Amino acid sequence: EILFDYQNNSEKKFLIICEEKSGKSTILKKLFLSYYDSGYVPLYIEGDEIKSTSKSDIDKLINKKVKQQYCDDSYNNLVKNDKTKKVLLIDDFHISKLNSEGKSIFIDHINEMFPIVFVTGNSMVLVEEMSSNKKLYEKFVDYDHYGIKLFGKLLRYKIVEKWNRIG
């Protein structure tokens, strides 16, 4: 619920760390649709698409994603009047092609470009990277940190059992 609180999320950054197959991508896609339906202009990027720290390469990546996710010039028209409505959703940041230093520089750039940012990543990989690189750690200090807890075996069994009964 906190992640979907549009009134209180302007100029906020979020880091969501958890294990693989825990629902990170699903949450980001739900956030994309929810923000879009509320008049915001979200942009979704997968971590493995992040390969450079240069501003021009980041702009190229953003423009590529805009063309894939929005028709014609609608994105530019939407953000032209209200830049506070821009939302960036980065999925699986830990699989970016950048090293820790590069990730730190990339985060600097996107923090300047987007008032609302969501970053997801694998808890083991990101925590290890942040503990070995103080600059990367410092980039995420101002982010609100969240985790996703996995279902235990019993709850997972009950959900599957209920799903099978529903048909």
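These exercises work through one strand, one helix and three salt bridges of a predicted model.

Residues are numbered from 1 along each chain as its sequence is written. In this predicted model, local features need pLDDT of at least 70 and side-chain atom pairs count only at pLDDT 80 or more, while totals for chains, interfaces and linings use all residues; side-chain values use heavy atoms, with hydrogens and water left out.

**Exercise 1. Strand β4**

Task: Find how many residues of strand β4 are buried, and which lie on each side.

Solution:

Step 1. Fix the terms. Helices (H or I, at least four residues) and strands (E, at least two) are DSSP runs, numbered from the N terminus. Buried means under 20% relative accessible area, exposed over 50%, and partly exposed in between (1.4 Å probe, protein chains only).

Step 2. Count. Strand β4 covers residues 116–122, and seven of the seven are buried.

Step 3. Sort by side. Ile116, Phe118, Thr120 and Asn122 are buried on one side. Val117, Val119 and Gly121 are buried on the other.

Step 4. Conclude. Seven of seven residues are buried, so β4 is largely enclosed by the rest of the structure.

**Exercise 2. Partners of β4**

Task: State which strands pair with β4, and in what sense.

Solution:

Step 1. Use the rule: two strands pair if DSSP finds at least two bridges between them.

Step 2. Take strand β1, residues 13–18. Six bridges join β1 to β4 in the parallel sense. Here Ile17 stands opposite Gly121.

Step 3. Take strand β3, residues 86–91. β3 and β4 run parallel, with four bridges. Here Ile90 stands opposite Val119.

Step 4. Add the helix. β3, helix α4 (residues 100–113) and β4 form a right-handed β-α-β unit. Right-handed means that, with the strands pointing away from the viewer, the path from the first strand over the helix to the second runs clockwise.

**Exercise 3. Salt bridges of α4**

Task: For the salt bridges of Glu112, Glu101 and Asp108, name each partner and the N to O distance.

Solution:

Step 1. Recall the principle. Side chains of opposite charge can pair when their charged atoms come close. A salt bridge is a side-chain nitrogen of Lys or Arg within 4 Å of a carboxyl oxygen of Asp or Glu. The structure holds seven salt bridges.

Step 2. Glu112 bridges to Lys55, with the closest N and O atoms 3.0 Å apart. Glu112 lies in helix α4 and Lys55 in helix α2 (residues 55–69), so the pair ties together parts 57 residues apart in sequence. Glu112 is exposed at 59%; Lys55 is partly exposed at 40%.

Step 3. Glu101 meets Lys135 at 3.6 Å, N to O. This pair links α4 to helix α6 (residues 134–139), 34 residues apart. Glu101 is partly exposed at 33%, and Lys135 is partly exposed at 46%.

Step 4. Asp108 meets Lys139 at 3.0 Å, N to O. Asp108 lies in α4 and Lys139 in α6, so the pair ties together parts 31 residues apart in sequence. Asp108 is partly exposed at 31%, and Lys139 is partly exposed at 22%.

**Exercise 4. Helix α2**

Task: Check the span of α2 and locate its buried residues.

Solution:

Step 1. The expected span is 1.5 Å times one less than the number of residues. For the 15 residues of α2 that gives 21 Å; its end C-alpha atoms are 21 Å apart, which agrees.

Step 2. List the buried residues of α2: Ile58, Leu61, Ile62, Lys65 and Val66.

Step 3. Look down the axis. These residues fall within an arc of 140 degrees, so they line one face of α2. The arc is that of the directions from the helix axis to the C-beta atoms.

Step 4. Turn to the face away from the buried side of α2. That face carries the exposed residues Lys60 and Lys67.
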